[in-house]
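Visitor: Please give me a close look at a single part of this model, namely its salt bridges, and set that part within the chain as a whole. I would also like to know how far the coordinates can be read.

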Amino acid sequence: QYGNLTVFPWPDNIIVGNPLQSLLYDDLDKSYQILTNNYAIVDLPFIKGLSYRLNTGFRSRFTDRAQYRGRNTQDGLAALGDASIDNVVSNNTVVENILSFNREFGSHTIFATGLYSYEGYNGRTNSMDATNFPNDFLSWYGIAQAAVVAPSISYSKTALISQMLRLNYNYASRYLLTLTIRRDGYSGFGEDSKWGTFPSAALGWNIAKESFFPLKTIFNTLKIRASYGLNGNQAIGAYESLPKFSVANMSTNSGTVIGYKPSKMGIADLGWESSATFNLGFDFGILADRISGNLNWYLTNTSDLLLARSISVNHGITPNTHLPSWTHPAVTENIGETRNTGIEFVVDSRNVVTGKFQWSTSANFSYNKNKIISLYGIKDENGKEIDDISNGWFIGQPIRVNYDYVWDGVWQLNEAAQAATYGTQPGYLKLKDVTGDGKLTSDDRQIIGRLDPNFLWGMTNIFTYSNFTLSVFIHGVSGSTIRNYLMNDDVQGAEVRYNTLKKNWWTPTNPTNDWVANALLANNMSGFSGRIYEKPDFVRLKDVSLGYDLPKGLISKMGLTRLKVYITGRNLATFTKWTGMDPDLTDEEAQQRIPMQKQYVFGLTLGF
């Protein structure tokens, strides 16, 4: 029992409800699942090394959810009782037929595989939302007595069929060859674009096994490899290629007239996104694998990307009702070409190995750079392919960028006359007039960094002394630029709640360029607001764990094979110049975004 919570703890602002109100909800959330996985292997006698394997999997899941928000909560008070009920039934089916051939002929080894598989999904959701209950006594069980009841039903079904042939050839464990071709069909694509074919080839050379290799005393493993192939992506919903309609009923004197309106355009030839990747790398092991790892360089060209493209409202399409009214409608389409290049490096080392003390390190580093190569193939009078400004896509630039007006400081007292030409004054925001035409227009926007980081790394060090083990994990992210939403002065609303961060505000006696005057319209120039973009690069002490294994002689008397006690700390420290909340958050404005919290875990590991 949580007692009686005050619905509006801030009497002067009834927009803000009690943040603990969810504790008073009546909640039901149960699921029931049947899962089965089976396989059968048959060695075919008429050809040596030939076998057949059948894999089957089936999962059926039923979810029963219900929630009632009574009058003792903000949501329930406004709606005079608010209930929602969801019953979800889903079924997943997987069937794989695998034919394999594996034989050795002297120094030659051949392993061939053929695959035919089916993956199916179907799901149905029955929902009901209701408001305006006569009382809270019956909770959602009184939904039939609610004044407003809205039922809804949804259904989805998809199928993926895959065919694959693969040949692996190995000569004396020195020369390796892999050839693969697969053909996939997905029901969600257009009628004439459901199938895609994706071949690949890979070569490997274990140079350390060659007799002429001069560094055998250093390298016990050194394999050079290269590969090239196509890969497909079908990450869209079940019916993205079809036009969609939403309910648009009308009320007349005779009652409700059922109607529909277009809500999303369909693309009849929507098909597979395809990525062509060239990879060059090597695996190494030094000093009897005291140091081991791999290094990879890759180049990926992706074409026919599956992207949600904003379109003009002139198409007569109305955005989804859960989106803001100003949001442009979108269509899922195969668009353009992008390029990704990067390097990945992984290394494991046993730094110290003695009788009682051991120290090992695992580290990984990755660098990635992407850019848009082409969009729609439409060129301007100079022969240059045009950008798609409405979607924030620019030829030659990263896929996700910030495109905005550039913060250029604060208008100072000696700039009063120039500020007046832009309709502003000293102490107010100064945005950069990129075109230099004496006015601020949409042409003055610029690309301000990329949204996705390009360098990520992580390092784990494990120290062991006798029965003690200490593990320390650190990771870092850098290379992105994101908007610092908390730098605005109006994050929390009006009146005295404007100021969310302590800033170096401009005053006549403090002519700073750090921030504007503490005034209602100071962060505005010619009708455009200024936004602060910062680099959220950080290094974080992610996990530290200290454990102790009790001596076996002691725990064996208790009938145990292992008894370990440990303490773990997570997100203990973050080193960054970011002035917002968590630098891992890409959208601080969204209410569901919660910064990483420090956690401490005490635990036992038992073995019997």
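Guide: A contact means heavy atoms within 4.5 Å of each other, and among the contacts in this chain with a separation of 6 or more, 64% join residues that are 24 or more positions apart. The model is a predicted one, in which local features need pLDDT of at least 70 and side-chain atom pairs count only at pLDDT 80 or more, whereas totals for chains, interfaces and linings use all residues. Residues are numbered from 1 along each chain as its sequence is written, and side-chain values use heavy atoms, with hydrogens and water left out.

Before turning to the pairs themselves, some words on confidence are in order. With pLDDT being the predictor's confidence in each residue, from 0 to 100, the chain has a mean of 89, and 93% of its residues reach 70 or more. The pLDDT falls below 50 over residues 321–327, a stretch for which the model shows one contact beyond near neighbours in sequence. Residues 492–496 likewise stay under 50, and there the model has three contacts beyond four places in sequence. Where pLDDT is low, predicted coordinates should not be read in detail.

As for the overall frame, the chain has three helices and 29 strands, where helices (H or I, at least four residues) and strands (E, at least two) are DSSP runs numbered from the N terminus. Its C-alpha atoms fill a box of roughly 85 × 75 × 70 Å along the principal axes. Of the 608 residues, 34% count as buried, a term that stands for under 20% relative accessible area, with exposed meaning over 50% and partly exposed the range in between (1.4 Å probe, protein chains only).

Now to the salt bridges, each of which requires a side-chain nitrogen of Lys or Arg within 4 Å of a carboxyl oxygen of Asp or Glu; by this rule the chain has 15. A good place to begin is Glu240, which has two of the partners to be described here, Lys244 and Lys264. In the pair with Lys244, the closest N and O atoms are 3.4 Å apart. Glu240 counts as buried because its relative accessibility is 13%, while Lys244, at 29%, is partly exposed. In the pair with Lys264, the N to O distance is 2.7 Å. That second pair links distant parts of the chain, since Glu240 sits in the loop between strand 8 (219–233) and strand 9 (244–247), and Lys264 belongs to strand 12 (residues 260–264), 24 residues away. Lys264 is itself buried, its relative accessible area being 19%.

A further pair joins the side chains of Arg540 and Asp584, at 3.2 Å from N to O. Arg540 lies in strand 27 (residues 538–549) and Asp584 in the loop between strand 28 (562–576) and strand 29 (599–607), so this bridge ties together parts that are 44 residues apart in sequence. Its two ends fall into separate accessibility classes: Arg540 is buried because its relative accessibility is 3%, whereas Asp584, with 34%, is partly exposed. Elsewhere, salt bridges that share partners join Lys223, Arg225 and Asp283 into one network.

To place Glu240 within the wider chain, Val7 can serve as a reference point. Val7 is found in the segment before strand 1 (26–43), and its C-alpha lies 42 Å from that of Glu240, the two residues being 233 apart in sequence. Val7 has a relative accessible area of 17% and is therefore buried. Leaving aside residues up to four places away in sequence, Val7 touches Gly17, Asn18, Arg71, Asn72, Thr73, Gln74 and Leu77.

Two details of the backbone complete the account. Leu287, in the loop between strand 13 (273–286) and strand 14, has a phi near 55 degrees, a positive value in a residue other than glycine. Asp304 also has a positive phi, near 55 degrees, but its place is in strand 14, and with a relative accessible area of 38% Asp304 counts as partly exposed.
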